[in-house]
Amino acid sequence: MATFGTAGASAANQNPNKSVEVTPAPGDSVSSLSFSPKANHLVSTSWDNQVLCWEVMAGGACQAKASISHDQPVLCSAWKDDGMTVFSGGCDKQVKMWPLLSGGQPTVFSGHEAPIKELAWVPQMNLLVSGSWDKTLRYWDIRQPQPVHVQQLPDRCYALSLSYPLMVVGTADRNVVVFNLQNPQAEFKRITSPLKLQTRCLAAFPDQQGFLIGSIEGRVGVHHVDDSQQGKNFTFKCHRDGNDIYSVNSLNFHPVHGTFATTGSDGGFNFWDKDSKQRLKAFNKCPAPITCSTFNHDGSIFAYAVCYDWSKGAEKHNPSAAKTNIFLHSVQESDVKGKPRGKK
């Protein structure tokens, strides 16, 4: 398990958890973070049109490895299971396949008619899935320029999470569409989110039995797919401060213990155990929203981005004045290992 010092940490008010800072930081708000499934290579996408990659060294020091750019803001990223290839997509309506570690040129896949919000690689099918605001999913065989299947959605794709064969897609108007990828051309189930307001993020259970839903109203829903398990569904409030309510911006399951993390526009991140229905650890709040986060492949590192999250509107955003940080938190097993219900 990696253990980091505080080298490279910002001033205490910017970095209240004494996490290690990733440098150089992107020039504008970070929209996604993703770790390689094979090594500690971290990729970010951001609103300054950039895709950046760092290698996280022992002790937390980071070395910039490579970068590519899009013509417009980049909204999402995903790794191929070989740990060598990165996919990115965004407002230019293109998917770029980037042979990161070989230094080759990106391959571009076009076809979406609106920005691409989500990407997921499906190794069991050797396909890439892209979800767009054009109300479609597209399945790509990366050896071909055209998608092998286009799936209509009820509305714009806002969130997507995969735990094969379960894939869950959240769209506008609080729709949540569940797919069994063993039959990807048919919806398995469609529900209306149990949360009051719009879905912001999703995370499929590692055991493929259900999913988490995070909303813009500071709630998380725990939902099971099987009708016989509906009695286990529940929702809880988080990322709130008195009467102030903040969006839940990301949900990440720990790859070893099956517990999960939430991040929010209140600048906080927390670790939770859905089975015992309790919070395992609450961390000090950063002075700006946490827009996205991810665990590395063995769960020893939790990466999170602190920056402007557009909730106040584009007219109030000043990239030259807004501070953007990516931090690496060393995960302690005691903070993410589930506990019996009632034991803290």
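1. K189 is buried, with a relative accessibility of 19% (buried is under 20% relative accessible area, exposed over 50%, partly exposed in between, with a 1.4 Å probe and protein chains only). The model is a predicted one, in which local features need pLDDT of at least 70, side-chain atom pairs count only at pLDDT 80 or more, and totals for chains, interfaces and linings use all residues. Residues are numbered from 1 along each chain as its sequence is written, and side-chain values use heavy atoms, with hydrogens and water left out.

2. K189 pairs with D227 in a salt bridge, with 2.8 Å between the closest N and O atoms (a salt bridge is a side-chain nitrogen of Lys or Arg within 4 Å of a carboxyl oxygen of Asp or Glu). The two residues are 38 apart and link distant parts of the chain: K189 belongs to strand β17 (residues 187–192), D227 to the loop between β20 (219–224) and β21 (234–237). Strands (E, at least two residues) and helices (H or I, at least four) are DSSP runs, numbered from the N terminus. Unlike the buried K189, D227 is exposed, at 58% relative accessibility. The structure holds 11 salt bridges.

3. E217 takes part in two further pairs. Its salt bridge with R219 has an N to O distance of 2.9 Å; the one with R240 has its closest N and O atoms 3.9 Å apart. The latter pair links distant parts of the chain, 23 residues apart, with E217 in the loop between β19 (210–215) and β20 and R240 in strand β22 (residues 240–241). Shared partners join E217, R219 and R240 into one network. E217 is buried at 6% relative accessibility and R219 is buried at 15%, whereas R240 is partly exposed at 26%.

4. One open sheet has 4 strands in the order β1-β30-β29-β28, with antiparallel pairing (two strands pair if DSSP finds at least two bridges between them). β1 (20–21) and β28 (290–295) are at the edges; each has a single partner strand, so one side of each lacks a neighbour in the sheet. β28 runs antiparallel to β29 (residues 301–306) and is joined to it by 5 bridges. The bridge partner of T294 in β29 is A303.

5. Backbone geometry deserves a check at four places. Most residues other than glycine have a negative phi, and most peptide bonds are trans. The bond from T23 to P24 is cis, with omega near -5°, and P24 lies in the loop between β1 and β2 (30–35). Y164 and P165 are also joined by a cis peptide bond, with omega about 5°; P165 lies in the loop between β14 (157–163) and β15 (166–171). K93 has a positive phi near 70° in the loop between β7 (86–90) and β8 (94–98), and N126 has a positive phi of about 55° in the loop between β10 (116–122) and β11 (127–132). K93 is partly exposed at 37% relative accessibility, as is N126 at 34%.

6. The unreviewed UniProt entry places "repeat: WD" at residues 23–56, 67–108, 109–150 and 248–282; such annotations may be inferred rather than shown by experiment. Residues 23–56 are 0% helix and 56% strand, with end C-alpha atoms 11 Å apart. Residues 109–150 are 0% helix and 52% strand, and their end C-alpha atoms lie 14 Å apart.
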